[in-house]
Amino acid sequence: PIYHRAHFLLSAPHINVLPDDLGIEVAFAGRSNAGKSSALNTICNQKALARTSKTPGRTQQINVFPIDDTHALVDLPGYGYAKVPEAIKRQWQAALPEYLSEREQLRGVMLIMDVRHPLTEFDWHMLDWCRDLELPLHILLTKADKLKRGPGMATLQKVRSTLRNDYPHVSAQLFSSLKRTGIEEAHAQLDKWFGF
Ligand code: GDP
């Protein structure tokens with residue numbers, strides 16, 4: 001698929017300095033350490049597109065990965081990174097809903113969760129913000145290789161049933177960067193949002 005063409009364009013410290021001509025955007029969000037960088041790398045079939053090594057400077061930036069001139073993946077700062085000062089964390093808590101509401105070309109949000117710790121407090125904020133904006137959201141329950149098939153499926157069903165009634169624009173799947181499972185399903189979701 002086309003996602004292997006994704007390449008790093010820039011890091012923006014704030015949504016105010018994001019270029020407005022990226023075309024259609026899909027944002028990747030998640031709690032720090034959930035496996036977001038690995039998922040981006042896996043989805044794009046690249047070893048080091050998004051850095052999995054953590055430096056506070058870079059992880060608190062918005063990283064932009066265009067696929068072509070009119071489609072881009074936008075990697076939002078991981079939430080809850082321990083080494084980030086409180087003030088910066090608060091700044092981001094304010095900036096995230098602003099990004100979600102102001103990027104007109106944003107078509108969807110990929111929310112990355114560790115399958116062993118789904119639906120954290122931050123995840124609920126994201127779910128609520130996206131619901132208020134009627135913005136589609138797809139959950140990757142990643143590190144699925146850490147659970148056996150039965151418990152993994154049980155977690156997926158639990159997440160789906162928890163969200164079914166009140167979050168109709170949300171879908172969810174299992175994913176593993178280590179075992180490279182769930183990639184086709186993730187691509188299919190991205191294809192739908194991007195119009196590929
Ligand atoms: P991020 O902070 O959300 O970008 O998380 P990373 O992608 O850097 O991953 C955090 C840690 O989880 C790293 O040690 C990864 O090697 C590990 N990890 C990420 N994805 C997977 C996965 O699918 N399976 C397993 N077993 N470990 C993973």
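Here are some short exercises with worked solutions on this predicted model.

**Exercise 1: lay out the sheet**

Work out the order in which the strands sit in the sheet, and find which strands stand at the edges.

Solution.
- Start with the order: seven strands make an open sheet, running 1-3-4-2-5-6-7, with mixed pairing.
- Now look at the ends. Strand 1 (10-12) and strand 7 each have a single partner strand, so one side of each has no neighbour in the sheet.
- Add the twist, which averages 25° from one strand to the next.
- Then put a helix on it. Helix 1 packs on the sheet and touches strand 2, strand 4, strand 5 and strand 6. Its direction makes about 140° with that of strand 2.
- Helix 4 also goes on the sheet picture: it lies across strand 2, strand 5, strand 6 and strand 7, and runs at about 160° to strand 5.

**Exercise 2: take strand 4 apart**

Find the pairing sense of strand 4 with strand 2 and with strand 3, then decide whether strand 4 is enclosed or open.

Solution.
- Recall the background: strands of a sheet pair through backbone hydrogen bonds, in either a parallel or an antiparallel way.
- Take strand 2 (residues 24-30). Five bridges tie it to strand 4 in the parallel sense, and Glu-25 sits opposite Ala-72 of strand 4.
- Next comes strand 3 (residues 62-68), which runs antiparallel to strand 4 and is joined to it by five bridges. Here Val-64 faces Val-74 of strand 4.
- The link between strand 3 and strand 4 is short to describe: the two form a hairpin with two residues between them.
- Now for burial, with the cut-off at 20 or more other C-beta atoms within 10 Å. Five of the five residues of strand 4 (residues 71-75) are buried, so the strand is largely enclosed by the rest of the structure.
- Check it face by face: His-71, Leu-73 and Asp-75 are buried on one side, and Ala-72 and Val-74 are buried on the other.

**Exercise 3: follow the chain through strand 6**

Trace how strand 6 connects to strand 5 and to strand 7, and give the handedness of each unit.

Solution.
- Go in from strand 5 (residues 106-114). It pairs with strand 6 in the parallel sense over six bridges. Met-113 stands opposite Leu-141, and Leu-111 stands opposite Ile-139.
- The connection uses helix 4 (residues 121-133): strand 5, this helix and strand 6 make up a right-handed β-α-β unit.
- Go out to strand 7 (residues 170-174), again parallel, with five bridges to strand 6. Leu-141 turns up here too, opposite Leu-174.
- Helix 5 (residues 149-164) does the linking, and strand 6, helix 5 and strand 7 form a right-handed β-α-β unit.
- Finish with burial: six of the six residues of strand 6 (residues 137-142) are buried. Leu-137, Ile-139 and Leu-141 cover one face, with His-138, Leu-140 and Thr-142 on the other.

**Exercise 4: the ligand shell and an outlying lysine**

Describe the residues around the ligand by class, then explain why Lys-192 counts as partly exposed.

Solution.
- The shell holds 17 residues, and Gly-35, Lys-36, Ser-37, Ser-38 and Leu-178 come nearest to the ligand.
- Sort them by class: two are nonpolar, 11 polar and four charged.
- Ask which element gives the largest share: helix 1 (residues 36-43), with three residues.
- Now turn to Lys-192, in helix 6 (residues 183-194). Lys-192 has 13 C-beta neighbours inside 10 Å, so it counts as partly exposed.
- For a sense of distance, the C-alpha atoms of Lys-192 and Glu-86 are separated by 37 Å, and the two residues are 106 residues apart along the chain.

Notes: Residues numbered from 1 in each chain as written. Predicted model: local features only at pLDDT ≥ 70, side-chain atom pairs only at ≥ 80, totals over all residues. Near = placed C-beta within 6 Å. Helix = DSSP H or I, 4+ residues; strand = E, 2+ residues; numbered from the N terminus. Nonpolar A, V, L, I, M, F, W, Y, C, P; charged D, E, K, R; others polar. Buried ≥ 20, exposed ≤ 12 C-beta atoms within 10 Å, placed from the backbone. Pairing = 2+ DSSP bridges. Right-handed = clockwise from strand over helix to strand, strands pointing away. Axes fitted to C-alpha atoms, helices over the stretch in contact; angles between N-to-C directions. Contact = placed C-beta atoms within 7 Å.
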